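Colleague: I should like a close look at a single part of this model, with its setting in the chain. Please define the terms as they arise.

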Amino acid sequence: AHGARPERSAAWPWGAEAGGPRGTAPGQQLRALFYALAPGESSFRTVEEVPDYVEKSIPFFITFIGLEFAVSWIQKRKLPGRINDGISSLSLGILSRLPDVLFRSIELISYIYVWNNYRLFELPWDSPWTWYLTLLGVDFAYYCFHRMSHEVNILWAAHQVHHSSEDYNLFTALRQSVLQKYTSWMFNLPMALFIPPSVFAVHLQFNLLYQFWIHTELITKLGPLEWILNTPSHHRVHHGRNPYCIDKNYGGTLIIWDRIFGTFEAEDAKVVYGLTHPVNSFDPIMLQLRPLAHVWNTFWATPGFCNKLSVIFKGPGWGPGKPRLGLPEEIPVITGKEVPFNPHVPAYLNCYALVHFAAILDLYIELLASMTMLSQGAVLLRIGFIILSLASFGLLMENKSKAGILEIIRCLVFIGAYELGYFRSHFSFLGYAYEV
């Protein structure tokens with residue numbers, strides 16, 4: 001418990017860094033973002049061989065975000081997002097990945113447990129038919145979970161984090177919930193009765209990666225592909241708070257499930273993004289916890305045991321005497337004049353937050369690279385400091401009065417830990433710059 005952390009295995013979410021040449025070359029990694037690897041390139045005998053496609057995609061995330069900003073400026077002479085919202089989205093993305101540093105992946109652990117103890121039969125791991133069947137299975141499971149996340153209040157309390165941005169760009173794709181993975185795993189378990197974990201682990205990542213590039217306004221329509229695939233146009237509808245957009249287009253990679261089950265809606269009027277009742281915050285901790293607090297308070301304020309259960313398990317728009325998903329006429333009307341939450345902050349403060357966020361991003365990347373060599377105490381210290389920093393940046397960008405004091409404390413903690421050797425930059429030449 002007090003020594004070095006164990007080497008990465010199936011418990012760390014995808015297994016070893018191995019996997020041979022398959023799925024690890026830059027060209028293959030790029031194609032993985034678009035679910036464009038063939039079965040022969042991405043089939044593995046064991047979970048330990050499956051590459052961590054998500055972690056290896058981080059350079060491509062950064063590249064595409066930069067490309068989106070450049071193209072948007074060239075085409076429209078404006079940027080696709082704001083500094084405060086972008087930092088908030090990235091903070092939520094980092095926050096959502098921190099539990100994986102400490103705990104085993106519940107999605108894989110639960111899947112492997114069912115596979116080892118209850119599987120009915122075993123499909124061949126190297127068959128293209130198994131690969132394509134798993135593609136459909138993982139995407140259908142995602143559709144079911146995603147739909148439930150909008151129609152069950154307690155699940156929505158976690159999922160709404162992803163919808164809280166009033167911008168729509170590639171930053172938004174990285175805005176994820178900390179808690180969502182602790183409910184999504186059960187939807188995949190039926191596949192564990194016959195599909196090998198190694199095949200499942202590949203498609204679980206591909207399904208997630210595919211959804212990165214569809215978070216953009218730069219791509220309009222994709223012709224006949226719109227009938228089969230989830231596209232930027234379809235997903236813009238899903239992120240809209242216009243009445244016609246609510247609870248539509250749940251698909252991950254494919255849009256066929258929405259067409260089959262009646263939840264499809266084509267993009268029509270200009271989409272206004274965000275929640276029907278905006279949270280108006282850039283604090284990643286507040287964005288994660290405030291919806292849960294709302295469910296808790298509503299639960300205790302609602303009379304009657306059955307009504308209390310309905311608060312948890314019916315839709316977020318439900319109330320006594322209303323249908324399960326609430327009344328459509330209560331959805332706020334969109335005028336087209338909605339102004340995103342954007343507190344006035346001096347330009348120098350935005351620059352300050354941006355520079356210090358880059359330092360925290362470096363610290364996070366260094367933590368991922370060295371976590372197998374760190375003691376549990378050192379890992380917990382770094383995670384705690386990252387959480388403190390992300391909360392401080394959120395308060396700074398809201399121009400809150402307490403932000404200055406918290407930021408001074410944060411910087412003093414950083415200097416102390418850095419001088420004592422608890423923090424190290426992923427890039428050694430930046431050491432002196434960080435102290436300054």
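Modeller: The following account takes up one helix pair and then its surroundings.

This is a predicted model, in which local features need pLDDT of at least 70 and side-chain atom pairs count only at pLDDT 80 or more, while totals for chains, interfaces and linings use all residues. Residues are numbered from 1 along each chain as its sequence is written, and side-chain values use heavy atoms, with hydrogens and water left out.

The pair consists of helix 15 (residues 347-370) and helix 16 (residues 376-397), whose axes come within 10 Å and cross at roughly 160 degrees. Helices here are DSSP runs of H or I with at least four residues, and strands are runs of E with at least two, numbered from the N terminus. Axes are lines fitted to C-alpha atoms, for helices over the stretch in contact, and angles run from 0 to 180 degrees between N-to-C directions. Helix 15 and helix 16 are therefore roughly antiparallel, a term for angles over 145 degrees. Their crossing is left-handed, that is, the near helix is turned anticlockwise from the far one by less than a right angle.

Contact means heavy atoms within 4.5 Å. On the side of helix 15 the residues involved include Leu349, Tyr352, His356, Phe357, Ile360 and Glu366, and among their counterparts in helix 16 are Val379, Arg382, Ile386, Phe393 and Met397. By class, the contact of helix 15 with helix 16 has 16 nonpolar, 3 polar and 2 charged residues. Ala, Val, Leu, Ile, Met, Phe, Trp, Tyr, Cys and Pro count as nonpolar, Asp, Glu, Lys and Arg as charged, and the others, Gly among them, as polar.

UniProt, in an unreviewed entry, places the feature "transmembrane region" at residues 379-397 and 403-423. Such positions are given in the numbering used here, feature names are shortened, and annotations may be inferred rather than shown by experiment. Residues 379-397 are 100% helix and 0% strand, with end C-alpha atoms 27 Å apart. For residues 403-423 the values are 81% helix and 0% strand, and 23 Å between the end C-alpha atoms.

As to the wider setting, the domain assignment gives domain 1 (38-261) and domain 2 (347-420), with bounds from an automatic or database assignment. The centres of the two domains, taken over C-alpha atoms, are separated by 28 Å. Their contact takes 12 residues from domain 1 and 16 residues from domain 2.

Note on methods:
Parallel < 35°, antiparallel > 145°, perpendicular 65-115°, else oblique.
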